[in-house]
Amino acid sequence: MKMTYQIERDGQGAERVMLSGPIDESLLPQIGDLSNQVGKDVTLVLKDVTQINSIGTRSWIEFLRVFCEGRTVRFSECSFDFLMAMIIIPSMTAGGTVESFYYLAYCSDCATEDSLLLNLSEDRAALLSTIEKATCPSCNKPMDFDEDPDVVLSALDNLGRT
Ligand SMILES: [Zn+2]
């Protein structure tokens, strides 16, 4: 599987690019021409971005360095994989704004997994409360998290916020 993209335009000038696939050695040939396809104000939707490896990370940062030049770039609905990658490597967002991301939750009672979509326009207390109140969609017990929400939110504070 290779990275693909699809551009959505709402008719009022807003452009959203839905990226789907891995960030690996196949990245640059796949999205290298994206810069010529969109305008100066773009939202990258990353909910279907998975399997990020080190070669891909380097290619991604190289791609963004050119792509973000003279352009307003927002990162929306970042997948959990992308979230973890950008926490370790802040240059994954090249100074663009992170709008929202998926946070992985699981139920240790019935093994159900769920993704919470969190919006960074909310303040930290509200986000923490949303995470803490998350309940299992199948048995209604409180959800558990592999990553400490406090640590994740602190790391995101160092990146661009809406
Ligand atoms: Zn459950």
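This section describes the strand pairing, the nonpolar core and selected backbone features of a predicted model.

The pairing of the N-terminal strands begins with β1, which spans residues 4-9 and is joined to β2 by 6 bridges. The two strands run antiparallel, and Gln6 stands opposite Met18 of β2. The hairpin formed by β1 and β2 has 5 residues between the strands. In this hairpin, Gly11 adopts a positive phi near 90 degrees.

Strand β2 is also paired with β3, in this case through 8 bridges and in a parallel arrangement. Two of the residue pairs across β2 and β3 can be given as reference points: Val17 has Leu44 as its bridge partner in β3, and Gly21 stands opposite Val49 in β3. Strand β3 is in turn joined to β4 by 5 bridges, and these strands run parallel. Here Val42 stands opposite Val73 of β4. The connection involves a helix, as β3, α2 and β4 make a β-α-β unit that is right-handed.

The largest nonpolar core comprises 35 residues. Within this core, the residues with the most contacts are Leu19, Leu44, Leu46, Cys78 and Phe82. Two or more core residues are contributed by each of β2 (15-23), α1 (27-31), β3 (41-52), α2 (54-67), β4 (72-76), α3 (80-88) and β6 (100-106). The largest share, 6 residues, is that of β3. In soluble globular proteins, nonpolar side chains tend to be buried together.

Leu46 serves to illustrate the surroundings of one core residue. When residues up to four places away in sequence are left out, Leu46 touches Leu19, Phe75, Glu77, Cys78, Ser79 and Phe82. Of these contacts, Leu19, Cys78 and Phe82 are themselves among the residues with the most contacts inside the core.

Helix α3 has as its buried residues Phe82, Leu83, Ala85 and Met86. Viewed down the axis of α3, these buried residues fall within an arc of 165 degrees, and therefore line one face of the helix. The cover over the buried residues of α3 includes β3, α2 and β6. Both β3 and β6 also appear among the elements giving two or more residues to the largest core, as does α2.

The loop between α3 and β5 (97-98) contains Gly96. This glycine counts as buried because 20 C-beta neighbours lie inside 10 Å, and the threshold for burial is 20 or more. Gly96 is 57 residues from Leu153 in sequence, and the C-alpha to C-alpha distance between Gly96 and Leu153 is 17 Å.

Positive phi values also occur at residues other than glycine, including Gln51 and Asn140. For Gln51, phi is near 50 degrees. Gln51 belongs to strand β3 and is partly exposed, with 13 other C-beta atoms within 10 Å. For Asn140, phi is near 70 degrees. Asn140 is located in the loop between α4 (124-132) and α5 (149-157). With 10 other C-beta atoms within 10 Å, Asn140 is exposed, since a count of 12 or fewer defines that class.

How values were computed. Residues are numbered from 1 along each chain as its sequence is written. This is a predicted model: local features need pLDDT of at least 70, side-chain atom pairs count only at pLDDT 80 or more; totals for chains, interfaces and linings use all residues. A nonpolar core is a set of buried Ala, Val, Leu, Ile, Met, Phe, Trp, Tyr and Cys residues joined through C-beta atoms within 7 Å. Helices (H or I, at least four residues) and strands (E, at least two) are DSSP runs, numbered from the N terminus. Two residues are in contact if their C-beta atoms, placed from the backbone, lie within 7 Å. The arc is that of the directions from the helix axis to the C-beta atoms. Two strands pair if DSSP finds at least two bridges between them. A crossover is right-handed if, with the strands pointing away from the viewer, the path from the first strand over the helix to the second runs clockwise.
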